[in-house]
Every structure is written in C-alpha cells, then in structure tokens.
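Got your viewer open and ready? Let's take a walk through this structure, one selection at a time.

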Amino acid sequence: MLSKALLRLGGGAARRPWWVIAAWLVAATLAVLAAVAFGGRTADSMTAPGLDSRRAAELIERAGTGQDGMTAQVVVTPRDSAATFFDHDGARTALTRLQAEVERLPHVLGTSDPAGALAARGDTAVRGGLVSADGRIAVVRVQYPDQSRLSAEDLDALVELGDRLRAELPLRIEMGGSLFYAFSDPDGGVSELIGLLAAAAILFLAFGSLVAAALPIGMAVFGLTIGVATMTVLAGVTDVPTFAPVLGSMVGLGVGIDYALFVLARHREYLARGLDPQAAAGRAVATAGRPVVFAGGTVVVSILGLAVAHVPFMTVGGLAVSIVVLTMVLASVTLLPAFLGAAGPRLARVGRIGRALRTGKPVRPARRRDRGAGTAPAAGWRRWVGHVGRHPLPYALGAAALLLTATLPVLGLRVGLPDDGSLPHSRTERRAYDLVAEGFGPGSNGPLVIAADPAGDPGVLDRLVGGLAADPGIASVAPTHIDPATGIATLLVFPTTGPQDKATTDTLDRLRTDVLPAAVGHGPARAHVGGAAASLSDVGRRTSQRLPVLVAAVLAMSFLLLMLVFRSILVPLKAVLLNLLSIGAAYGIMVAVFQWGWAGALIGLEATVPIVSFIPMFLFAILFGLSMDYEVFLLSRVREEYLRTGDNGTAIVEGVSGTARIITSAALIMVAVFLSFAVAEDPSTKMFGLGLATAIFIDATVVRMVLVPATMTLLGRANWWLPKWLDRILPHGTVGTDDTDAEPTGEAPRPRPVDR
C-alpha cells in the first residue's frame, strides 16, 4: 500500500535526518561532478526525420560545404554619415582589416569578402548581397562548423574582437547569427533568483516562520541542482535543446516548492494535533505525499507524451524536464521529511502547541475546526464557497463565458520563429538585424537554403535559378555553390519578407509545391528547401498535426486516472473539461500579448512575434499535468468530506475552503516563479513564463474557486456516480485521503457507506 510505504519512508527520514541530508549532499556533489566530467552542451536540432528541411540538411552535409554548421554575421557601417564603402578609402581599408581578422579566428571555416567584391568593381558586391545598394552597409558572413565542435569560447572570441575593433576602426560594428543564439548566456540565472525570492516571501507570509519558509526553498534548490546536473549529463549523450534547462528550472522550482508546501502544511497540522515532529513528518508524507506522487507522475507522463509529435528535440526536451520533476517528487518524500525532523518543534504554530512541544508537556488535541496550523478553512473562504454554492448556475455560466472569451484569440494563433528583431535594442543582435533589414531588405535576415542534387541533369540548376528568381516572394538569389566531389549544389535565397512574416511561409510553400518540382521534373534529380526558417516552419506544421493526438492521449489518461482514484464518471470528466478551459484561456492571452502586442511592454516585449512553433504542445503537456496537481489536492479533500458526511454541499464547502489557502499560496508561488521568467530577454522564455503563469493563475482562481464548487453543486450526488459493474472491475485505491482520525499507523479512516 502506497500510504504505508510513504509512512515508513517519511518517518525513517525524519528519525535519521542528518543521514538523509548527507546522502542528498553526496548525490548533489556526484551529480555536479558527473556533469563537469561527462556533461555536454545543449544544442538545437530544430528538425525531425521525414521533413523536407531535414532532407535539405542531409544533402548539405553530404556535400561537405560547411553550410550545415553554425553561422555569424558582422554588420558594419561607416561612422561618418556622409561616407560609403563605394567612395571612402578609409572605410574600405577598415572593412578589409575586419574581414581578415574575423577569418583568422579559431574554428572559422571561411567568411564572405565584401571588400574583395568591391575591389572587383561593377555591382558584384551589391548583387552578392554583401554591400547595400547605397553603399552604406556591409555584411561579413562567417561560417563555423557544427555546434558539437564549438563552445562559448568561440562566441567570446568573436565578441572580444568586435569590442577591440570598435575602438580602432572608423566603423560601427554589430553582430548576430546562430552562434549567438547557441552560446549566449541563458536568461535563467537571474530569473531563478527572482523566483526563489518571491517564493520565499510568499512562504513566509503563508506560514509566518522563516524556518518554515526556508525548508521548501532548500529542498527545491537541492532538487534543481541534481535535476539540472543530470540534464547536463544527458546532453553529453544526445542533443538536449537549449530551452530545456530554462524550462526545467522554471517547472522544477514551481512544482518542487508546491509539493513541499503541501507536505509542510500537513506536517504542521499534525504538530497542532499533538504528534511529535518525527511522527508528524511520517504522517504528512503518508497523506500529502500520496497526491504529490500521483500529481508528479501525472506531470511526467503528460510531458513524456510529447513523444507523439515524432520530433526528437521535443522528446528529449520533455525527458530532460521530466527528470527534474521526478527529482522534486523524490525530494518531497525523502529530503523534506528529513528537514522536518531536523527542524523539530520549531515548525509548530507559536502559542499553546509550540510551548507544549518545546517543554515536553502533553497537549490536548485541537478540535477539528482548529486543526491545521494555519491551514484550517478560513471563515472568508467558507463564506465565499457557500455563496457560490447558493448561486451555482450564474457563477458557472459567467466563469465559463469569461474563459471562453479569453480563449477566442486562439483562432488567430500563428506559429513561427521569433527572430533577432524581437530582442531589445540593447542587444547587438537586434541592432545587426535592423541594419541588415535597412540595407538589404527584411528577408536577408532569414535566408532559405536550397540544396539540389542534379543527378546528371545539367539543366536542373539553370531551371532552378530561373524559377527562384522569377518567384514574387524572392528578392535575390546568391551565386550557386557546387561541390565538385558530389555535384550537389546549394543556393542561398533571400525572401522579400522577414522570417516572422506569414508571407515567408507562403513563399516556402510555393517553392516546394510549384518552383522546385517544375525545375526538377520527373527525373532522378531532387531539390529541397532548408535553413532555420524552413526547419522551424516544418516543425511547426508537424507539431500542429500531432497536437490533437497528444491532447486526446493526455485527456484519456487523466480521465482514467481520476476515475480510478475518485470512483466517479462525472468528476474526472468535469476536471478535464475545466483544465482545457484554463489552458485555452492561457493560449488566448499569449496570442493577445505576443501577436497583437497587448500589454507587451509590461514584460519587455518590443515587437510583436508569432508563437514559437513547439511551445503550444509543450505548454499543453506541462500545464495539464500541473493543473491536475490542484485538482487532485482539492478533490481529495472534497471526496474525504463526502465519505465522512455523505452530504454533497457540506463536502464542497469543507473541501474547497479547506484547501483554498494552500492552493492559493501554491499558485502564487508558481505564478511568481513563472513570471520571473516572463521578463527575460528571449521571446521563447517569455512565452513559456507568461503562458505557465497565466494558466496557473486562472486555474487556481476562476476554475478552482468558482467553476469547481459551482459545477459540483449543480451535479449534486451525481458527482460520485459510478456504475456498479465498473466499480467491481476497477482496482481500489485512494489518493490523498486524509487520515486525520486514524492512529499513527498510516491507515486511512474507514469511510461511511454512501449510496451511489
């Protein structure tokens, strides 16, 4: 029985706290050492088998041109506003020196040479996209090998060179490219600190004790250290996407502190009943630990469901985040009770209970309404839930209408790739992006790479270049590069529109359906469209196609688990529908903020951007798992009260108000942690942070405190209806049943018979 196992686990940890804490210290140390010795760097492989962009990448890799590696671009313009590279010898000389020094950097395979093209006279430099038509802006494109052969030192070397040359040359120098995206410092460090401080403040307000506030934070830091270190080791074996550590930190901090909060609240409740700290810790893990294990397992299974997308980087990213969540669950049932045992009576509520525990004198157990060490149902929550219960239909309709209205913007959701144009102006990548767009057009910031294998057909390349140049969505086509060994050709194609624009996606579709097939014909030749913009578009399509499969799988799993736990048909059905409403509203708010620009300035968003293609699927998996946490904790208490009293109305009032304070505190912590990431510079991190924070806020307020009591009141005794034939075949088990009336053996109370 799970409760007995958790009772032994939690009680043992509380009785031998320093041994358990030492074991976690050793585990954390070993994890960090393993990460240093065997860990790898995160790497983005934004593609998947079977996609056209993947076939293009395979051709480029076979040709060995190096165009499948990392890139950077150095964008320059004379400081003298009257000078151009056409007529200013000093600017040309400076450009020549800059290109030569960049080419000498470690691991640079080659660079474009705008100065050499200018020396060739004519319009070579302009036609090649190296110098703008007015001569004011020049681009040095830098080719690096693939990411596995590079490190942050390569980015540092390029940045340091730029800093030195800015002081020596009469040029304004800006830089960007995939090298910056891969190796720039992540936003996570500061965001994690802000989230921890906010969580500490909320915990102190919830418990009124520095010790009580410190324990969940300490547990979360331990778990996060081991989880992220393990993720780093995983990166040494396979490609872990760059967003995984940030997302893992975000989710890990949120669920870790939340789980610790629920166990700690139950521990203080048992202290208030007169149990000694070790017994209270064991009982707390035996009761609150069960929904923690169930909820954590639900989060993990939901996230691992990302494998249905058949996109490797999403599967690995989900696995990495799941490792952090599992670590937090394990810490909640082992490390936290050790902390609780070590803290002793200091966690008891100040007053009669605290003095009794400190002096060793016996204490009369508190009456039921006084139990909870600050977690008992507050009169305000009772009044509110009772008020909703007396007017269930208006509240249910009003709350549902509110969430449906918030969901409406989802109809305009557009997935894409936020580029450097969405970064703050303080970043050199943004300034480089703006210079390139000004000098060469917006499409120059997101070129498409055409990879073609003529397969012995000499006319393919001419037809291909002609078709590309004639397409209305293509601004220019760079000279064709042909690998002499394989005959594979690569062409750099610049659209007329920016990487984020829907028109660019339309151009991509047109090239694949019309231009390339017309050029290739029915022979053995083949051509494919690759590049970052094409890869993200392809991944976005695949995730959009697979999202319904993930949704159906997660909903079915959640329904079955809740039906098994709560012995009901309508309760789990209501739960999955309400969770869908809160997630849909979060999606709608994301569209309004990021695509429409509503209140974007509040989170530092300087330009509207499309939703990153893989984020909706990731958010659904994570949010559905997280929202199930609150569902389990709340319904467990409602179910307990219903089994105790047999009265649906009383069960709703007692259950919802009895968990309201803890759920509200837990939600505030999660919202604070997630919002701390929403102010990061990277738009993808902002989307994760705002989407998670919005959904959790809606789930803990509109859903849990309005829709749940209203709908459960309307359903009445039908909430707990389960066909007898189904009841007989389902295995019996409970999650989170409160054993407040049981002896300290871990046994749950015997429920009163209730007619179904």
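Select His-310 to start: with a relative accessibility of 46%, this residue counts as partly exposed. This is a predicted model, by the way, so you are looking at a prediction. You'll find His-310 in the loop between α13 (289–304) and α14 (312–333). Now check its backbone. Most residues other than glycine have a negative phi. His-310 isn't a glycine, yet its phi is positive, near 60°.

Want another one like that? Jump to His-107, in the loop between α4 (89–103) and β2 (110–111). His-107 is not a glycine either, and its phi is positive at about 70°. Its relative accessible area is 43%, which means that His-107 is partly exposed.

**Two helices side by side**

Next, select residues 243–272, which are helix α11, together with residues 615–645, helix α24. Two packed helices are described by the angle between their axes and the distance between the axes. What are the angle and the axis distance for α11 and α24? The angle is about 5°, and the axes are 12 Å apart. An angle under 35 degrees counts as roughly parallel, so that label fits α11 and α24.

Show the side chains where they meet. On the α11 side, the contact includes Phe-243, Leu-247, Val-251 and Phe-262. Among the residues that α24 brings are Phe-618, Ile-622, Leu-626 and Phe-633. Try colouring the whole contact by residue type: you should get 11 nonpolar residues, five charged and no polar ones. Asp-258 and Arg-266 of α11 belong to this contact, and so do Asp-629 and Arg-637 of α24.

**Into the core**

In soluble globular proteins, nonpolar side chains tend to be buried together. To see this here, go to the largest nonpolar core, which has 165 residues. Which of its residues touch the most other members? They are Phe-594, Phe-614 and Leu-692.

Zoom in on Phe-614. Leaving out residues up to four places away in sequence, it touches Met-46, Phe-243, Phe-313, Met-314 and Phe-688. You have already met Phe-243, in the contact of α11 with α24. Apart from this core there is another, of 35 residues, and Val-76, Ala-91, Leu-161 and Leu-171 are among them.

Now pick Ser-684, in helix α26 (residues 683–715). Is Ser-684 buried or exposed? Its relative accessibility is 13%, so it counts as buried. Setting aside neighbours within four places in sequence, Ser-684 is in contact with Val-612 and Ile-615.

**A helix with two sides**

Select helix α20, residues 460–470, and look for Val-460, Leu-461, Leu-464 and Leu-468, its buried residues. Turn the view until you look down the helix axis: the buried residues fall within an arc of 90°, so they line one face of α20. An α-helix has 3.6 residues a turn, so residues three or four places apart point the same way. On the other side of α20, you'll see Asp-462, Ala-469 and Ala-470, which are exposed.

What covers the buried residues of α20? The cover includes the strands β6 (448–453), β7 (474–477), β8 (481–482) and β9 (489–495), along with helix α21 (502–520).

Stay with β6 and select Asp-453, which is in that strand. Asp-453 has a relative accessible area of 12%, so it is buried. Beyond its neighbours within four places in sequence, it is in contact with Leu-59, Arg-62, Ile-488, Ala-525 and Arg-526.

**Last stops**

Move on to Gly-531, in the loop between β10 (526–530) and α22 (532–566). At 24% relative accessibility, Gly-531 counts as partly exposed. Add Pro-447 to the selection: it is 84 residues from Gly-531 along the chain, but their C-alpha atoms are separated by 7.0 Å.

Now find Ser-53 in helix α3. With 2% relative accessibility, Ser-53 counts as buried. Not counting residues up to four places away in sequence, its contacts include Thr-47, Arg-512, Val-529, Gly-530 and Asp-538.

Finish at Ala-43, in the loop between α2 (17–38) and α3 (52–63). Ala-43 has 12% relative accessibility, so this loop residue counts as buried. Which residues does Ala-43 touch, not counting those up to four places away in sequence? Select Gln-147, Asp-239, Val-240, Pro-241 and Thr-242 to see them.

Key:
Residues are numbered from 1 along each chain as its sequence is written. This is a predicted model: local features need pLDDT of at least 70, side-chain atom pairs count only at pLDDT 80 or more; totals for chains, interfaces and linings use all residues. Side-chain values use heavy atoms; hydrogens and water are left out. Helices (H or I, at least four residues) and strands (E, at least two) are DSSP runs, numbered from the N terminus. Buried means under 20% relative accessible area, exposed over 50%, partly exposed in between (1.4 Å probe, protein chains only). Contact means heavy atoms within 4.5 Å. Axes are lines fitted to C-alpha atoms, for helices over the stretch in contact, and angles run from 0 to 180 degrees between N-to-C directions. Angles under 35 degrees count as roughly parallel, over 145 as roughly antiparallel, 65 to 115 as roughly perpendicular and the rest as oblique. Ala, Val, Leu, Ile, Met, Phe, Trp, Tyr, Cys and Pro count as nonpolar, Asp, Glu, Lys and Arg as charged, and the others, Gly among them, as polar. The arc is that of the directions from the helix axis to the C-beta atoms. A nonpolar core is a set of buried Ala, Val, Leu, Ile, Met, Phe, Trp, Tyr and Cys residues joined through side-chain atoms within 4.5 Å.
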